[in-house]
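Student: I would like to go through the labels attached to this structure. For each one, I want the criterion behind it.

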Amino acid sequence: MRQALAAAHDAARHGDVPVGALVVCGADVIALTANRTVRDQDPTAHAELLALREAARARGSWRLEDCTLYVTLEPCAMCAGAIVLSRVKALVFGAWDEKAGMAGSVGDIVRHPRLNHRPEVTAGVLGEECGAVLREFFEGRRGGSVE
């Protein structure tokens, strides 16, 4: 998660919402990414999607069944769907997203009982640190006020 946090800080330096993600298979980090929606002007360039794409390329397969995705923020609906489709074994995230999170906050796509795959989910890993990065970023954009 610390590597994902470092990637999140990099995203913030480039004006993107500070979210970082990495995919680990066995003992190997096979993908490390951060949000790039602003840099790439791509609404789908979320850290999780970029990490899953990079991991699939590294593995030569879209099935990431023995891999774990670490992400600093609870995934949104788009990313939660991609997590299910990629068949990752486990999802580990830091901060909860009470406005858009789809791993337990607003909804729970990743563990929906009617879907064909449900990864193990671990929430709140370095949650305070992950949340602080986001709060600081948005406070800076709002001139110090928190929404």
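Tutor: Start with pairing: two strands pair if DSSP finds at least two bridges between them. Helices (H or I, at least four residues) and strands (E, at least two) are themselves DSSP runs, numbered from the N terminus. The model is a predicted one, in which local features need pLDDT of at least 70 and side-chain atom pairs count only at pLDDT 80 or more, while totals for chains, interfaces and linings use all residues. Residues are numbered from 1 along each chain as its sequence is written, and side-chain values use heavy atoms, with hydrogens and water left out.

Student: What is the order of the strands in the open sheet?

Tutor: The five strands run in the order β2-β1-β3-β4-β5, and the pairing is mixed. Because β2 (28–34) and β5 (120–123) each have a single partner strand, they stand at the edges, and one side of each has no neighbour in the sheet. Neighbouring strands are turned by 15° against each other on average, direction ignored; axes here are lines fitted to C-alpha atoms, for helices over the stretch in contact, and angles run from 0 to 180 degrees between N-to-C directions.

Student: How do you know that β1 pairs with β2?

Tutor: Six bridges join β1 to β2 in the antiparallel sense. The requirement is at least two bridges, so the two strands count as paired. Within this pairing, cysteine 25 stands opposite aspartate 28 in β2. The hairpin of β1 and β2 has two residues between the strands, and glycine 26 takes a positive phi near 65° there.

Student: Which other pairings are there, such as that of β1 and β3?

Tutor: β1 and strand β3 (residues 67–73) are antiparallel and share five bridges, with valine 24 opposite threonine 68 in β3. Strand β4 (residues 90–95) and β5 run parallel and are joined by four bridges. Phenylalanine 93 stands opposite alanine 123 in β5.

Student: What makes strand β1 mostly covered?

Tutor: Buried means under 20% relative accessible area, exposed over 50%, and partly exposed in between (1.4 Å probe, protein chains only). In β1 (residues 20–25), six of its six residues are buried. Gly20, Leu22 and Val24 cover one side and Ala21, Val23 and Cys25 the other, all of them buried.

Student: Why is the pair of phenylalanine 93 and tryptophan 96 called edge-to-face?

Tutor: Rings of Phe, Tyr and Trp (its six-membered ring) pair if their centres lie within 6.5 Å; planes under 30 degrees apart count as stacked, over 60 as edge-to-face and the rest as tilted. The structure holds two aromatic pairs. For phenylalanine 93 and tryptophan 96, the centres are 5.0 Å apart and the planes are at 90°, so both tests are met. The other pair is phenylalanine 137 and phenylalanine 138, with centres 5.1 Å apart and planes at 80°, so this pair is edge-to-face as well.

Student: Are the rings of the first pair, phenylalanine 93 and tryptophan 96, buried or partly exposed?

Tutor: Phenylalanine 93 has a relative accessible area of 0% and is therefore buried, whereas tryptophan 96, at 42%, is partly exposed. In the other pair, phenylalanine 137 is buried at 13% and phenylalanine 138 is partly exposed at 28%.

Student: What makes the phi of glutamine 41 worth listing?

Tutor: Glutamine 41 has a positive phi, near 50°, and is a residue other than glycine. Its place is the loop between α2 (37–40) and α3 (47–59), and at 65% relative accessibility it counts as exposed. Arginine 87 also has a positive phi, of about 65°, although it is not a glycine. Arginine 87 lies in the loop between α4 (77–86) and β4, and its relative accessible area of 15% makes it buried.

Student: What is the volume of the largest pocket, and how many residues line it?

Tutor: On a 1 Å grid over the protein atoms alone, a pocket is an open set of points with protein on both sides within 12 Å along at least five of seven lines, where a 1.4 Å probe fits; lining residues have an atom within 4 Å of a point. The volume is about 660 Å³, and 24 residues form the lining, with Leu73, Asp97, Lys99, Leu134 and Phe138 nearest the centre. Helix α5 (residues 127–141) gives the largest share, five residues.

Terms used:
Points joined across faces, edges and corners; volume = space filled by probe spheres on them.
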